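Hello,

Here is the structure I said I would pass on. My notes follow below it.

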Amino acid sequence: MSEYGTAIGFAPGEIDFAASTRQARLKWVIVVDSELSPGRAVNAAVCTAVATAQGVTGLLGEEAVDAGGEHYTGLPWIGCSVLAADAAQLRAIRTKAAASPGCHVADMPAVAQRIRVYTDFLATMKEIPAEEMDFCAIGIVGPRNRIDKLVGKLPLMP
């Protein structure tokens with residue numbers, strides 16, 4: 001059963017800001033439709049990143065402070081790879097990730113970029129069967145080996 005819609009993340013004892021991102025138990029990727037224009041691709045990636053940050057505990061690191069004392073918002077300490085896939089690959093990866101235990105999935109359905117009123121988006125989503133859903137991007141966080149298996153050798157977003 002998927003943990004879609006439930007928070008997963010890091011326990012306080014697992015968070016190690018001194019460790020390499022490759023040592024973290026969980027891995028984060030965002031997979032974007034390779035056919036999107038640059039502006040729409042960035043929009044989709046940012047929207048899934050925001051949804052992911054809200055749904056995964058312990059994802060964001062502490063704020064940074066520069067030499068002059070200026071404060072900067074904390075960033076994801078585990079890093080995030082932004083990958084490209086065609087629409088069919090994106091749908092297949094999303095289906096597998098949503099069914100994978102221990103994975104958090106944040107979706108950016110294609111219809112979201114065409115509708116300007118959120119209640120209209122919610123109503124439209126209720127009319128689209130899951131097997132017909134198109135996605136602009138998906139964000140996935142889960143066990144490193146499982147994420148690697150899901151995304152295979154997808155290229156970085158150009």
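Contact here means heavy atoms within 4.5 Å. This is a predicted model, and that applies to everything below.

On helix α4: the buried residues of this helix, residues 144-151, include Ile 147, Leu 150 and Val 151. Viewed down the axis of α4, the buried residues fall within an arc of 80°, so they line one face of the helix. They pack against two kinds of element: the strands β2 (26-33), β6 (81-85) and β8 (135-143), and the helix α2 (87-98). Asn 145 and Lys 149, on the other side of α4, are exposed. Directly after α4 comes Gly 152, with a positive phi of about 50°.

On confidence: the mean pLDDT of the protein chain is 93, and 96% of the residues score at least 70. Strand β6, one of the elements that α4 packs against, has the highest confidence, at 98, while strand β1 (residues 8-9) has the lowest, at a mean of 90. Over residues 1-5 the pLDDT is below 50, and this stretch makes 12 contacts in the model beyond near neighbours in sequence. Where pLDDT is low, the predicted coordinates should not be read in detail.

One further residue: is Ala 53 buried, partly exposed or exposed? Ala 53 sits in helix α1 (residues 38-55). Its relative accessibility is 27%, so Ala 53 counts as partly exposed, since that class lies between under 20% for buried and over 50% for exposed. Ala 53 and Pro 76 are 23 residues apart along the chain, and their C-alpha atoms are separated by 8.2 Å.

Regards

Methods: Residues are numbered from 1 along each chain as its sequence is written. This is a predicted model: local features need pLDDT of at least 70, side-chain atom pairs count only at pLDDT 80 or more; totals for chains, interfaces and linings use all residues. Side-chain values use heavy atoms; hydrogens and water are left out. Buried means under 20% relative accessible area, exposed over 50%, partly exposed in between (1.4 Å probe, protein chains only). Helices (H or I, at least four residues) and strands (E, at least two) are DSSP runs, numbered from the N terminus. The arc is that of the directions from the helix axis to the C-beta atoms. pLDDT is the predictor's confidence in each residue, from 0 to 100.
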